[in-house]
There are 2 protein chains.
Amino acid sequence: MNVANDLHAALNDAVGPDQVFTGAAIDLRYHTDLRGQPLPRPGFVVRPGNTEQVAAVLKVAQRFRTPVTTQGGRTGVVGGADAPPRGIALSLERMNRILEVDPASMTMTVEAGCILQSVQDRAEAQGMILPLDLGARGTATIGGNIATNAGGVRVLRWGMMRDMVLGVEAVLADGTILSGLHKTIKDNAGYDLKHLLIGSEGTLGVITRAVLRLRPAPTSTQTALLALSSFDHAVTLLRRLEGDMAGTLSSFEVMWDDFYTLITTANADKRPAPLPSGAPFYALVEAMGAEPERDAARFEDVLAGVLSDGLASDAVIAQSGADRDRLWAVREDLNEPMGRMWPLFAFDVSVAVSEMEAFVIAAKAHVRARFPDAEFVTYGHIGDGNLHLMVGTGKADGDTHHAVDTAVFETVQRFNGSISAEHGIGTAKRDYIGYTRTPAELALMKAIKGVMDPAHILNPDKMFPA
Amino acid sequence: MNVANDLHAALNDAVGPDQVFTGAAIDLRYHTDLRGQPLPRPGFVVRPGNTEQVAAVLKVAQRFRTPVTTQGGRTGVVGGADAPPRGIALSLERMNRILEVDPASMTMTVEAGCILQSVQDRAEAQGMILPLDLGARGTATIGGNIATNAGGVRVLRWGMMRDMVLGVEAVLADGTILSGLHKTIKDNAGYDLKHLLIGSEGTLGVITRAVLRLRPAPTSTQTALLALSSFDHAVTLLRRLEGDMAGTLSSFEVMWDDFYTLITTANADKRPAPLPSGAPFYALVEAMGAEPERDAARFEDVLAGVLSDGLASDAVIAQSGADRDRLWAVREDLNEPMGRMWPLFAFDVSVAVSEMEAFVIAAKAHVRARFPDAEFVTYGHIGDGNLHLMVGTGKADGDTHHAVDTAVFETVQRFNGSISAEHGIGTAKRDYIGYTRTPAELALMKAIKGVMDPAHILNPDKMFPA
């Protein structure tokens with residue numbers, strides 16, 4: 001009891017007693033999973049207001065050997081920010097200020113708790129964009145985006161979150177503040193600590209501030225949905241559009257027939273299907289340019305060529321913003337369709353584009369060897385080699401989950417892919433990381449973790465097998 | 001003597017006696033600096049033929065506590081690959097095979113000793129490009145490009161070398177082979193060891209193979225030289241072209257008047273100056289697209305707007321490949337001009353674009369406070385915030401060099417920039433890394449070095465102060 005009291009008092013000293021919560025005073029949002037189910041309550045929720053307070057909290061945690069899990073918007077899907085039972089949930093939600101916009105350098109400096117959408121909006125108000133975009137934009141924080149190296153639907157052109165971060169400030173496990181808030185695109189002075197922290201899921205440090213790289217806002221958006229008769233056609237189309245659209249192709253999303261049929265059927269009451277189902281594949285493509293009228297004509301020309309060359313069997317081009325939203329809804333309005341398929345297990349894997357179709361066939365066969373009636377829904381950011389695969393077996397128990405995970409991840413391993421393209425490892429995939437990383441890689445990761453967090457206080461139950 | 005003999009015998013066992021060289025049998029190319037001056041001869045030159053032989057050599061080095069410096073094309077400019085006196089120069093020149101081209105995945109898998117130009121040529125033969133380009137392309141190797149995170153003149157669009165590497169295989173200090181030859185663009189499974197190795201200058205491991213990301217080959221190139229009346233105009237022009245050229249702007253190089261006047265005067269016998277000197281700044285801009293005729297017209301339209309808006313005072317657009325070469329020669333044909341200015345000290349720094357002009361003024365003032373007659377030549381990849389600054393004081397002695405370095409790097413520190421944008425640290429800048437990295441950053445780098453190479457055999461005298 002004394003230790004707990006001492007710890008509580010020390011946390012009070014670090015951030016002020018009004019920002020330390022315990023017991024029933026802890027709001028459910030700090031310990032609720034994706035589906036709204038409560039998780040074990042953490043010992044403390046602590047809400048620092050600045051970097052120095054984060055450092056003070058970590059020094060306290062270090063002294064008391066108490067685990068700390070950093071929380072942003074809690075929109076991750078692998079449990080990486082699940083609060084540590086009996087430990088500290090470190091919420092950065094109060095650190096949500098935009099500190100500076102520098103239009104000449106095209107940078108924005110923000111605190112880690114900034115909501116992605118507020119950053120997007122601020123950039124757009126000044127004729128720029130932060131290219132990162134994803135469904136959770138209204139809740140996800142920049143710090144979380146960095147800690148998980150977020151992906152999304154525009155990676156093809158602008159890369160992942162790590163490609164939009166010029167500098168980070170982070171607090172290390174011992175409370176040391178690592179200051180790297182540079183605005184420089186090029187910096188070859190020593191090891192790239194920034195890239196080591198990005199994607200480390202709160203296990204190596206707490207990201208507190210960042211300098212983001214902005215881009216000029218495109219003034220035109222061209223969007224189309226195409227029906228394709230084979231996966232080879234999808235790959236050929238991708239490469240052709242990348243060439244013909246010369247640097248402006250921003251999305252190339254492919255849906256397998258199972259996905260397209262499920263979505264358009266389940267959402268039929270909301271909106272008609274933009275193209276009839278029945279084709280083996282559908283591609284949603286988008287390009288963003290700088291000459292609205294000309295870009296539309298060019299896009300139509302390129303797609304006309306694609307059709308006349310037989311690369312696509314049918315196509316619909318968005319003629320308005322509303323059209324565009326309807327086309328994207330086919331790809332993104334997943335709640336009702338997923339509900340029909342529930343229970344399901346979701347995968348976010350990557351393999352070489354050249355092996356993607358073979359991978360899907362092999363993964364399905366591997367799952368069906370154990371679950372002959374398994375249903376699949378398949379789609380992904382094909383331009384990035386990233387597949388989302390949903391598997392439904394009618395069961396949701398742990399043994400079934402493990403068996404399906406194992407079948408899919410064994411196939412990923414055989415195809416030399418990654419078991420996590422963009423969602424990360426967290427707790428959901430930590431037992432499987434060995435399917436995607438060699439023992440030598442894992443040993444090196446653990447050695448780095450050991451030197452940066454020797455007391456294992458930073459998100460200790462995440463990323464690596466227990 | 002016995003230890004040396006034992007070491008020699010062990011190296012013979014590792015790679016075969018015909019690939020181990022000592023004493024006078026060591027060719028000068030393994031221990032010559034940039035200007036052709038001989039450096040101390042290494043104890044051994046060892047030339048492995050494959051990854052397993054690299055691992056065997058490192059195990060030997062580990063056993064004998066012998067320093068190992070990996071050598072590629074020896075085109076670095078900071079001494080990072082200078083052979084270790086009494087140690088092992090590990091030349092990867094025999095490991096120069098292109099192992100696979102995968103057009104559907106747009107990847108090429110190569111051995112580290114591949115020459116950059118041979119990779120460029122192979123990609124182009126299949127309608128693709130490796131976007132990395134730099135003057136040493138005919139000698140520099142892919143392994144060296146990765147180990148130093150090479151930059152060049154197209155970073156603005158395609159990024160640095162780290163943005164073109166999907167997977168690496170490396171051998172760690174203890175001989176462990178770290179296999180990461182994935183073709184995946186997205187991979188969030190654990191810490192990004194690839195990014196840690198890239199740019200580590202041979203101090204954390206020996207990169208032996210890599211999967212490179214290729215891009216569709218552009219079919220049109222538009223190039224122009226513009227005269228500008230202020231640096232503000234340069235920044236405005238950069239942002240306008242980035243917007244108007246929608247993803248196709250690949251180079252934006254700015255030359256200060258001192259640079260332009262020196263180059264065009266010194267090379268006057270070779271070719272006339274494309275624009276008269278006298279403007280405060282010149283910008284060399286290039287865009288690469290997919291519609292040759294249309295792109296030329298668009299480029300002319302955009303530049304006409306730039307001129308009529310007063311953003312540029314004069315401009316010349318290349319009408320042919322020969323024109324284009326002549327424009328680039330203004331930026332790149334530096335031998336004769338640099339000879340006239342010799343002795344000089346060269347800098348490769350980066351600062352925020354918004355502070356670049358102020359930085360140059362401050363750095364010049366700081367140098368001139370000590371050397372009132374100092375001459376400067378200033379140019380850079382402004383789109384990337386990367387400046388090259390040449391300083392001539394008429395003297396080349398160590399004290400002068402140190403005084404000029406200190407003045408420039410103190411200014412870099414004051415502007416929160418980097419003392420090395422693309423060239424790296426090596427031996428040339430290791431005593432100054434503290435101007436660009438905090439004590440906390442350096443302590444963390446050294447801790448990582450300590451855990452990955454506890455015996456300090458990998459390029460031990462590089463990157464960090466002695």
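Reader: Which residue forms a salt bridge with Arg331(B), and how far apart are the closest N and O atoms?

Author: Start with the general idea. Side chains of opposite charge can pair when their charged atoms come close. Here the partner of Arg331(B) is Glu253(B), and the closest N and O atoms are 2.7 Å apart. Keep in mind that this is a predicted model.

Reader: Which parts of the chain does the pair link?

Author: Distant ones. Arg331(B) sits in helix H10 (residues 321-332) of chain B, while Glu253(B) sits in strand S13 (residues 249-256) of chain B. The two are 78 residues apart. Both Arg331(B) and Glu253(B) are buried.

Reader: Where do Glu336(B) and Arg340(B) lie?

Author: Both are in helix H11 (residues 335-341) of chain B. They are four residues apart, about one turn of the helix. Their salt bridge has its closest N and O atoms 3.4 Å apart. Glu336(B) is partly exposed, because its relative accessible area is 37%, and that value falls between the cut-offs of 20% and 50%.

Reader: Which residues are joined into one network by salt bridges that share partners?

Author: Asp27(A), Arg29(A), Arg47(A) and Glu93(A).

Reader: How many salt bridges does the rule count over all chains?

Author: The total is 58. One of chain A's is between Asp333(A) and Arg271(A), with the closest N and O atoms 3.1 Å apart. This pair also links distant parts of its chain, 62 residues apart. Asp333(A) is in the loop between helix H10 (321-332) and helix H11 (335-341) of chain A. Arg271(A) is in the loop between helix H8 (257-266) and strand S14 (281-289) of chain A. Asp333(A) counts as buried because its relative accessibility is 17%, under the 20% cut-off.

Reader: And disulfides: what does the count come to over all chains?

Author: Zero. Cysteines can still be looked at for burial. Cys114(A) is buried, with a relative accessible area of 0%. Cys114(B) is also at 0% and counts as buried.

Reader: Now the interface. What is the area buried between chain A and chain B?

Author: The general idea comes before the number. The size of an interface is often given as the accessible area lost when the parts come together. For chain A and chain B that area is about 6,700 Å². Carbon and sulfur atoms give 57% of it. Lys186(A), Asn188(A) and Tyr191(A) supply 16% of the area that chain A buries against chain B, more than any other three residues.

Reader: How many residues of each chain are in contact with the other?

Author: 90 residues of chain A touch 90 residues of chain B.

Reader: How many salt bridges does the rule find across the interface of chain A and chain B?

Author: Twelve. One pair to find in the structure is Glu291(B) with Arg298(A), whose side chains meet in a salt bridge (3.1 Å, N to O). Polar contacts can be counted too. Across the interface, 44 residue pairs are in polar contact, with both residues at pLDDT 80 or more.

Reader: Which helices of chain A supply at least two residues of the side that touches chain B?

Author: They are H5 (155-158), H6 (193-197), H7 (231-244), H9 (292-308) and H14 (439-452). Strands S9 (177-180) and S11 (215-216) of chain A do so as well. H14(A) gives the most, with nine residues.

Reader: Let me look at one residue. Where does Lys449(A) lie?

Author: In helix H14 of chain A. Lys449(A) counts as buried because its relative accessibility is 4%. Leaving aside neighbours within four places in sequence, its contacts include Thr203(A), Leu204(A) and, from the other chain, Tyr191(B).

Reader: Is Val367(A) buried or exposed?

Author: Buried, at 1% relative accessibility. Val367(A) lies in helix H12 (residues 356-370) of chain A. Beyond its neighbours within four places in sequence, Val367(A) is in contact with Ala374(A), Phe376(A), Val391(A), Ala407(A) and Val408(A). Sequence and space can be compared here too. Val367(A) and Thr393(A) are 26 residues apart in sequence, and their C-alpha atoms are 9.5 Å apart.

Reader: Last, strands. How many residues of strand S18 (residues 386-392) of chain B are buried?

Author: Seven of seven. Asn386(B), His388(B), Met390(B) and Gly392(B) point one way from S18(B). Leu387(B), Leu389(B) and Val391(B) point the other way.

Reader: In which sense do S17(B) and S18(B) pair?

Author: Strand S17 (residues 375-381) of chain B pairs with S18(B) in the antiparallel sense, over seven bridges. His381(B) stands opposite Asn386(B). The hairpin of these strands has four residues between them, and Gly385(B) takes a positive phi near 70° there. Strand S16 (residues 345-350) of chain B also runs antiparallel to S18(B), joined by six bridges. Ala346(B) stands opposite Met390(B).

Definitions and conventions. Residues numbered from 1 in each chain as written. Chains lettered and ligands numbered in written order. Heavy atoms only, no water. Buried < 20%, exposed > 50% of the residue type's maximum accessible area, 1.4 Å probe, protein only. Pairing = 2+ DSSP bridges. Disulfide = S-S within 2.5 Å. Contact = heavy atoms within 4.5 Å. Buried area = accessible area lost by both parts, 1.4 Å probe. Salt bridge = Lys/Arg side-chain N within 4 Å of Asp/Glu carboxyl O. Polar contact = N/O pair within 3.5 Å; in protein donor to acceptor, adjacent residues only side chain to side chain.
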